[in-house]
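Student: Please give me a close look at a single helix and the strands around it, and set that part within the chain as a whole. I should like each term to come with its cut-offs.

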Amino acid sequence: MNTHDLYQKLEVAPVIAAIKSEEELTAALLTEVEVIFVLQSHLMQLAELSEKIKQSGKIAILHADLVKGLSSDEMAIDYIKQKTAFDGIISTKSAIVRYAKRHQLLAIQRFFLLDSSALTNVERQLLQTEADLVEVLPNVSPKIIKGLVKQSRKPLIVGGLVHDKEDVLGALGAGSLAVSTTDSQVWSI
């Protein structure tokens, strides 16, 4: 999977299903979403989860920082690349993003916008990230999204607290390429 294919899929279906269980994965596979984020998992289920997503023709992205039984380091990326069918990873750690890129995995760097100092920190880090995409949480005002899109020079995903069509349209209208959400009702928007 390359970044061009990912961008194309997100332009067609800009809502990303973010799942935390096998039941949620089953529900997401029945929707029109093209990309699935696996947010919570454990080491022993990674291969099976990634295969189910890939067999459905969807893009599989693993939150590498949240896998029980797998440390968040370079060896984790080696394992994901060699033993699973995941197309890429999400991480809050710049070093993990860089290592994933070296292993030809799609890489999404996640940032949390908790206050104005966090926003300033994110704006500084955006200039240095090697990620293919940037994800910011939680869903923020369109004004902030516009500024981040301009600043990042990378496609932006907005996640967290995306609960309805208005949230989706607000983020997309402000320039976000896509939104990620655990709310299964939004997956079909």
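Tutor: The account below begins with the whole chain, turns to one helix and its surroundings, and then treats a second helix and several loop residues.

This is a predicted model, in which local features need pLDDT of at least 70 and side-chain atom pairs count only at pLDDT 80 or more, while totals for chains, interfaces and linings use all residues. Numbering starts from 1 along each chain as its sequence is written, and side-chain values use heavy atoms, with hydrogens and water left out.

The chain contains eight helices and ten strands; these are DSSP runs numbered from the N terminus, with helices being H or I of at least four residues and strands E of at least two. Its radius of gyration is 15 Å, close to the 16 Å that the globule rule gives for 189 residues, so the chain is as compact as a globular protein of that length. That radius is taken over C-alpha atoms, and the rule is 2.2 Å times the number of residues to the power 0.38. Along the principal axes, the C-alpha atoms fill a box of roughly 40 × 35 × 30 Å. Of the 189 residues, 49% count as buried, where buried means under 20% relative accessible area, exposed over 50%, and partly exposed in between (1.4 Å probe, protein chains only). Among contacts with a separation of 6 or more, 55% join residues 24 or more positions apart, a contact being heavy atoms within 4.5 Å.

The part chosen for the close look is helix H3, residues 46-55, whose buried residues are Leu 46, Leu 49, Ser 50 and Ile 53. Viewed down the axis of H3, these buried residues fall within an arc of 95°, so they line one face of the helix; the arc is that of the directions from the helix axis to the C-beta atoms. In general, an α-helix has 3.6 residues a turn, so residues three or four places apart point the same way. The cover over the buried residues of H3 includes helix H2 (22-29), strands E2 (35-38), E3 (41-42) and E4 (59-63), E5, and helix H4 (74-83). After H3 comes Gly 57, which has a positive phi near 85°.

Two of the covering strands can be examined through one residue each. His 42 belongs to strand E3 and is partly exposed, at a relative accessible area of 36%. Setting aside neighbours within four places in sequence, His 42 contacts Val 67 and Lys 68. The C-alpha atoms of His 42 and Gly 69 are separated by 6.1 Å, although the two residues are 27 apart along the chain. Lys 68, in turn, lies in strand E5, residues 67-68, and is exposed, with a relative accessible area of 65%. Apart from residues up to four places away in sequence, Lys 68 touches Ser 41, His 42 and Leu 43. Between the C-alpha atoms of Lys 68 and Met 44, 24 residues apart along the chain, the separation is 9.0 Å.

Helix H6, residues 116-126, can be read in the light of H3: its buried residues are Ala 118, Leu 119, Val 122 and Leu 126. They cover an arc of only 100° around the axis, which puts them on the same side of H6. Ser 116 and Thr 120 are exposed on the other side of H6. The buried residues of H6 pack against strand E7 (106-112), strand E8 (133-137) and helix H7 (142-152).

Several loops remain. In the loop between E8 and H7 sits Pro 138, and the peptide bond leading to it from Leu 137 is cis, with omega near -15°. Gln 104, in the loop between helix H5 (94-102) and E7, is not a glycine, yet it has a positive phi of about 55°; Gln 104 is exposed, with a relative accessible area of 59%. Leu 161 is another residue other than glycine with a positive phi, near 60°. Leu 161 is placed in the loop between strand E9 (156-159) and helix H8 (165-173) and counts as exposed at 56% relative accessibility. Ser 176, in the loop between H8 and strand E10 (178-181), is buried at a relative accessible area of 5%. Residues up to four places away in sequence aside, Ser 176 touches Ile 145, Val 149, Leu 156, Ile 157, Val 158 and Ala 171.
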